[in-house]
Amino acid sequence: MRQQALDGEVTQIHRGQGYADEGDTFEIDGTAFEVVAVEDRTLGDMTDEDARAEGARDLDHYREILERAHDNFEWDDDSEIVVHRFERVD
């Protein structure tokens with residue numbers, strides 16, 4: 001995922017809780033990024049575009065990734081998540 005962010009393929013991540021605030025910065029291999037948006041959502045709000053922004057082919061592929069990464073994971077459209085959008089700082 002780090003390399004995908006450096007390549008501009010990953011521009012956001014969804015997590016079960018907030019890990020950053022708008023304006024926070026982070027670095028990957030000396031490249032700076034800024035968190036430009038943090039929003040509460042549900043899994044049901046996600047689109048294919050969201051999945052592609054996380055490096056997946058589409059939403060079905062994103063679901064498969066989550067199922068492999070988390071034991072006993074079940075997709076629930078009502079599950080609350082937080083999206084963190086970020087941009088490279090040049």
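In the predicted model described here, residue T11 has its place in the loop between helix α1 (2-6) and strand β1. With a relative accessibility of 33%, T11 counts as partly exposed, because that class lies between buried, which is under 20%, and exposed, which is over 50%. When residues up to four places away in sequence are not counted, T11 touches A53, H84, R85 and F86. The C-alpha atoms of T11 and V82, which are 71 residues apart along the chain, are separated by 14 Å.

The strand that follows this loop belongs to an open sheet, in which 4 strands are arranged in the order β1-β4-β3-β2 and the pairing is antiparallel. The edges of the sheet are formed by β1 (12-15) and β2 (25-28), each of which pairs on one side only. From one strand to the next, the twist averages 35°. As a general point, the side chains of a regular strand alternate between the two faces of the sheet.

The pairing can be followed from one edge of the sheet to the other. Strand β1 is joined by 4 bridges to β4 (residues 80-88), and the two run antiparallel; within this pairing, Q12 has R85 of β4 as its bridge partner. Strands β3 and β4 are paired in the antiparallel sense over 9 bridges, and here the bridge partner of V35 is F86 in β4. Strand β2, in turn, is paired with β3 (residues 31-42) over 4 bridges, again in the antiparallel sense, and E27 is matched in β3 by A32.

The hairpin of β2 and β3 has 2 residues between the strands, and in this hairpin D29 takes a positive phi near 50°. D29, which lies in the loop between β2 and β3, is thus a residue other than glycine with a positive phi value. Its relative accessibility is 68%, so D29 counts as exposed. A positive phi, of about 60°, is also found at N72, although N72 is not a glycine. The loop that holds N72 is the one between α3 and β4, and at 78% relative accessibility N72 likewise counts as exposed.

T31, by contrast, is found in strand β3 and counts as buried, with a relative accessibility of 18%. If its neighbours within four places in sequence are left aside, T31 is in contact with L6, F26 and R88.

Aromatic rings were examined next. A search of the whole structure finds 5 aromatic pairs. In one of them, the ring centres of F26 and F33 are 5.3 Å apart and the planes of the rings meet at 10°, so this pair is stacked, given that planes under 30 degrees apart are classed in this way. In another, the rings of F26 and F86 have their centres 5.4 Å apart, but their planes stand at 80°, so the pair is edge-to-face. Because F26 lies in strand β2 and F86 in strand β4, the latter pair ties together parts that are 60 residues apart in sequence. F26, F33 and F86 together form one aromatic cluster. Within this cluster, F26 counts as partly exposed at 29% relative accessibility, whereas F33 counts as buried at 2% and F86 counts as buried at 10%.

A further ring, that of W75, has R63 lying over its face, at 4.5 Å from the ring centre.

Attention then turns to helix α3 (residues 59-69), whose buried residues are L59, H61, Y62 and L66. Seen down the axis of α3, these buried residues fall within an arc of 160°, so they line one face of the helix. The general geometry of helices gives a background to this arrangement: an α-helix has 3.6 residues a turn, so residues three or four places apart point the same way. The buried residues of α3 pack against β1 and against α2 (48-53). Strand β1, which thus receives residues of α3, is also an edge strand of the sheet and is bridged to β4.

Key
Residues are numbered from 1 along each chain as its sequence is written. This is a predicted model: local features need pLDDT of at least 70, side-chain atom pairs count only at pLDDT 80 or more; totals for chains, interfaces and linings use all residues. Side-chain values use heavy atoms; hydrogens and water are left out. Two strands pair if DSSP finds at least two bridges between them. Axes are lines fitted to C-alpha atoms, for helices over the stretch in contact, and angles run from 0 to 180 degrees between N-to-C directions. Rings of Phe, Tyr and Trp (its six-membered ring) pair if their centres lie within 6.5 Å; planes under 30 degrees apart count as stacked, over 60 as edge-to-face and the rest as tilted. Buried means under 20% relative accessible area, exposed over 50%, partly exposed in between (1.4 Å probe, protein chains only). A charge sits over a ring if NZ of Lys or CZ of Arg is within 6 Å of the ring centre and within 35 degrees of the ring normal. The arc is that of the directions from the helix axis to the C-beta atoms. Contact means heavy atoms within 4.5 Å.
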